[in-house]
Amino acid sequence: MSWVSMNDRKPVIDQKVWYYFHIPDENAGGFTILEHGTYHCDDGFDIFVSHKETGVLVNDVTHWKPYEENDKRPSKPNN
């Protein structure tokens, strides 16, 4: 399955997903996260919890795709 924009559709609550976001920075090249974890939603906030439970992103993720056990790390989205 290809990447899905958060603007187009959101994952199902508790769905395991790959998630992606990038913050551009001309001087440092930017900051990118491409990780897998679980999607949650609380009071309208989109929450992605890392599979390692070491990090949480709230309303930062731009793209997601379903995660299956033994998936290889996908390429970043093109859109």
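N59 sits in the loop that runs between β5 (56–58) and β6 (63–66), in what is a predicted model. With a relative accessibility of 42%, N59 counts as partly exposed, because buried means under 20% and exposed over 50%. The phi of N59 is near 60°, a positive value in a residue other than glycine. Most residues other than glycine have a negative phi. A positive phi also occurs at D14, which is not a glycine and has a value of about 70°; D14 belongs to the loop between β1 (4–5) and β2 (16–23).

The two residues with these backbone angles are set out below.

| Residue | Phi | Loop |
|---|---|---|
| N59 | near 60° | between β5 (56–58) and β6 (63–66) |
| D14 | about 70° | between β1 (4–5) and β2 (16–23) |

The loop between β1 and β2 also holds P11, and P11 counts as buried, since its relative accessibility of 7% is under 20%. Leaving out residues up to four places away in sequence, P11 touches M6, V17, Y39, F48 and W64. From P11 to S50 the separation is 39 residues in sequence and 15 Å in space, taken from C-alpha to C-alpha.

S50 appears again around E35, a residue of strand β3 (residues 31–42): apart from neighbours within four places in sequence, E35 is in contact with V17, W18, Y19, S50 and H51. With H51, the side chain of E35 makes a polar contact of 2.9 Å. E35 is buried yet has no salt bridge, and the nearest side chain of opposite charge, that of K52, is 4.6 Å away.

Methods
Residues are numbered from 1 along each chain as its sequence is written. This is a predicted model: local features need pLDDT of at least 70, side-chain atom pairs count only at pLDDT 80 or more; totals for chains, interfaces and linings use all residues. Side-chain values use heavy atoms; hydrogens and water are left out. Helices (H or I, at least four residues) and strands (E, at least two) are DSSP runs, numbered from the N terminus. Buried means under 20% relative accessible area, exposed over 50%, partly exposed in between (1.4 Å probe, protein chains only). Lys and Arg count as positive and Asp and Glu as negative; His and the chain ends are not counted. A salt bridge is a side-chain nitrogen of Lys or Arg within 4 Å of a carboxyl oxygen of Asp or Glu. A polar contact is a pair of N or O atoms within 3.5 Å; within protein, one must be able to donate a hydrogen and the other to accept it, and residues adjacent in sequence count only if both atoms are side-chain atoms. Contact means heavy atoms within 4.5 Å.
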